[in-house]
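Work through the exercises below with the sequence and the 3D structure at hand. Each task is followed by a solution in steps.

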Amino acid sequence: MRLAKYLKPYWWLAILAPLTMIGEVVIDLSQPSLMASIVDDGVLGGNMRLIIVTGLKMLLLVACGGCCGILSGAFSITASQSFANDLRRDLYKRVMSFSFEQTDNFTIGSLITRLTNDVTAVADFVGSVLRMFVRAPVFFIGGIIMMLTLNVKFGLVMIVSMPIQLTVVILVFKKVRPLFRVMQEKLDRLNSKMREDISGARIIKSLVREDQELERFHEANEDLLSTSYTVQHTFAFFGPALSIIMNFSVVAIIFIGGLQVEARNMQVGEVMAAITYIAQVLGALMMLTMTFMNITRASVSASRILEVLDTIPAIKDGGHEDNDPIESITFENVTFAYPGSSGVPAVKNINLEIKGGEKIAILGATGSGKSSLVQLIPRFYDVTEGTIRINGRDVREYNLENLRDKIGYVLQSSNIFSGTVLENINYGNTEHTEEEGIAAAHIAQVHEYIGKFNEGYHTAISEKGTSLSGGQKQRIAIARALVKKPPILIFDDSTSALDFKTEARLRSELNAAMENATVITIAQRIASVLSADRIVVLDNGEIVAVGPHSELIKTSAVYKDIYDSQIREDAAL
């Protein structure tokens, strides 16, 4: 019911679908009586004119009923698919607002299942409700009334058969209901496994782990299959059981009707009509039962959808917006521990002021907290303690879109999207011209490579950029950040795939083109940070030294150890 608001914009379709369905059902209910008239008064009475007139009337009504059925289907499908479209859009919007922690808690495989399979299940139910929730009750009630008008004794058949049918329905309902959630959870697991293996296909092949991963996939697939078998086996019993009950009911109607015909209290056509009505009544009960089964499955899917919609984004939006020049980025007693971690902070008690336009480098051993620190600036995570300020204002007070629009962020593992090269470069803002994209590619040292592609900047890139080398992907990602012309640039070890000569040219052109930008560079290589205004040295999540290279080489033992070890490695090579 909480998701019913997504049907509100299509209320007129939601009304027309059942109304036209009522028209079809009423016409269908009239057919057995007309057929009884043809048999009793036409065939047995020898009245050919009545047969022709009533037959034509039946054909006309069938045509009208067919039109009503077609319209009902069109209205219900349009309403349910529009409902699904709006719901899926809001789900996607909510997922995009989640923090990394919240995405990990749900798992990507589960979120994909909820956006696809669960939404489809709910939409199918909505379409079913708009038709079957009208068709079945009207058939059920109308069929009983029409049958009892023929002979009250036929009610005995209903009194006996309906409790048996309801018992079967309840037994199946109790067994199947809890399995639907289990089945969706196992589908989540299977989707997660597929996504993991497809994304890591190169690693799996390089380590010759295809057979082992196939076995793991087989286990997840068999697990889902086992639950699906149980559900389908139950349904396989359900249909025939109801059919047997219905056929025994038809036999009972024929027996009672035969006695009434023999006693001359009924005619043959009326018995035929009663048989049709009992079939319609019990068929309607089967339809209602299947609809209730759909309710069970849809309720599980709806609850999973609502879990996503009800999850409040952990990163809350502030209200402040400005486009002022960057004067400073200040870390005040900043401590951060990843949610769900053992509690050991990734960074501890960081105090640092970066001036506007300053070129800062962050250096440290693996796991020293470099990436964790810079991820706090665009609020991919919020600080556990302390404050980060831009121009003296807490970043948590900024509108998220306005804050992140100030920042160009380049990761070490560059995400490339399916589309053309130019579309990837201009991804941050599609209003940028081709000339601006090309200019950014020149600075990123990737223009020459793009020129060798078959269609240049309009060459299509495969999903995740599998057709590109690591260095090409990194440089396209750098161009994507540069084309925004952001006042803050963050390079998170994003030149690791470049050779020293290419990286030197990139930094030279970058410094010239983005002279006024505040640039924060994370690097593993000493050569990548030598030209920085200041170098921040991290060790175990804490700042142990800050200063230019010439100062740190004399005053910082940690920095000197890193420098000496890399110089020795370079000399050995």
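**Exercise 1. The largest cavity**

Sort the lining of the largest cavity in this predicted model by residue class.

Solution. Start with the list: Leu 376, Tyr 381, Asp 382, Val 383, Ile 388, Asp 394, Val 395 and Arg 396 line the largest cavity. Next, assign the classes: Asp and Arg count as charged, while Leu, Tyr, Val and Ile count as nonpolar. The result is five nonpolar, no polar and three charged residues. The volume of this cavity is about 30 Å³. A search of the whole structure gives one cavity of 30 Å³ or more.

The search rests on a simple idea: rolling a probe the size of a water molecule over the atoms shows where empty space is left.

**Exercise 2. The second largest pocket**

State the volume of the second largest pocket, and describe its lining.

Solution. The volume of the second largest pocket is about 430 Å³. Its lining is made of 16 residues, and those nearest the centre are Met 1, Leu 3, Ala 4, Phe 125 and Val 126. Helix H4 (108-150) and helix H8 (268-309) are the elements that give two or more residues to this lining. By class, the lining of the second largest pocket holds 14 nonpolar residues, one polar residue and one charged residue.

**Exercise 3. Strand S3**

Find which residues of S3 point one way and which the other, and name the strands joined to S3.

Solution. Recall the general rule: in a regular strand the side chains alternate between the two faces of the sheet. In S3, Lys 359, Ala 361 and Leu 363 point one way, and Ile 360, Ile 362 and Gly 364 point the other way. Six of the six residues of S3 are buried.

Now take the pairing. S3 is joined by five bridges to strand S10 (residues 518-523), and the two run parallel. Five bridges also join S3 to strand S11 (residues 534-539), again in parallel. Ala 361 appears in both pairings: its bridge partner in S10 is Thr 521, and in S11 it stands opposite Ile 535.

**Exercise 4. An open sheet**

Give the strand order of the open sheet of four strands, and identify its edges.

Solution. The order is S2-S1-S4-S5, and the pairing is antiparallel. The edges are strand S2 (347-355) and strand S5 (393-394), each of which pairs on one side only. Within the sheet, strand S1 (residues 328-336) and strand S4 (residues 385-390) are joined by five bridges. Ile 329 stands opposite Ile 390 in S4.

**Exercise 5. Two residues**

Decide whether Ser 368 and Ile 204 are buried or exposed, and describe the surroundings of each.

Solution. Begin with Ser 368, which sits in the loop between strand S3 (359-364) and helix H9 (370-374). Its relative accessible area is 3%, so Ser 368 is buried, the cut-off being under 20%. Leaving out residues up to four places away in sequence, Ser 368 touches Ala 346, Leu 538, Asp 539, Asn 540 and Gly 541. A polar atom of the Ser 368 side chain lies 2.7 Å from the backbone oxygen of Ala 365.

Turn to Ile 204, which belongs to helix H6 (residues 201-206). Ile 204 also counts as buried, because its relative accessibility is 15%. Beyond its neighbours within four places in sequence, Ile 204 is in contact with Asp 197, Arg 209, Glu 210 and Glu 213.

Finally, compare sequence and space. Ser 368 is 26 residues from Ser 342 in sequence and 16 Å from it in space, C-alpha to C-alpha. For Ile 204 and Ser 342, the separations are 138 residues and 30 Å, C-alpha to C-alpha.

Methods. Residues are numbered from 1 along each chain as its sequence is written. This is a predicted model: local features need pLDDT of at least 70, side-chain atom pairs count only at pLDDT 80 or more; totals for chains, interfaces and linings use all residues. Side-chain values use heavy atoms; hydrogens and water are left out. On a 1 Å grid over the protein atoms alone, a cavity is a set of points where a 1.4 Å probe fits but cannot get out, and a pocket is an open set with protein on both sides within 12 Å along at least five of seven lines; lining residues have an atom within 4 Å of a point. Grid points are joined across faces, edges and corners, and a volume is the space filled by probe spheres set on the points. Buried means under 20% relative accessible area, exposed over 50%, partly exposed in between (1.4 Å probe, protein chains only). Contact means heavy atoms within 4.5 Å. Two strands pair if DSSP finds at least two bridges between them. A polar contact is a pair of N or O atoms within 3.5 Å; within protein, one must be able to donate a hydrogen and the other to accept it, and residues adjacent in sequence count only if both atoms are side-chain atoms.
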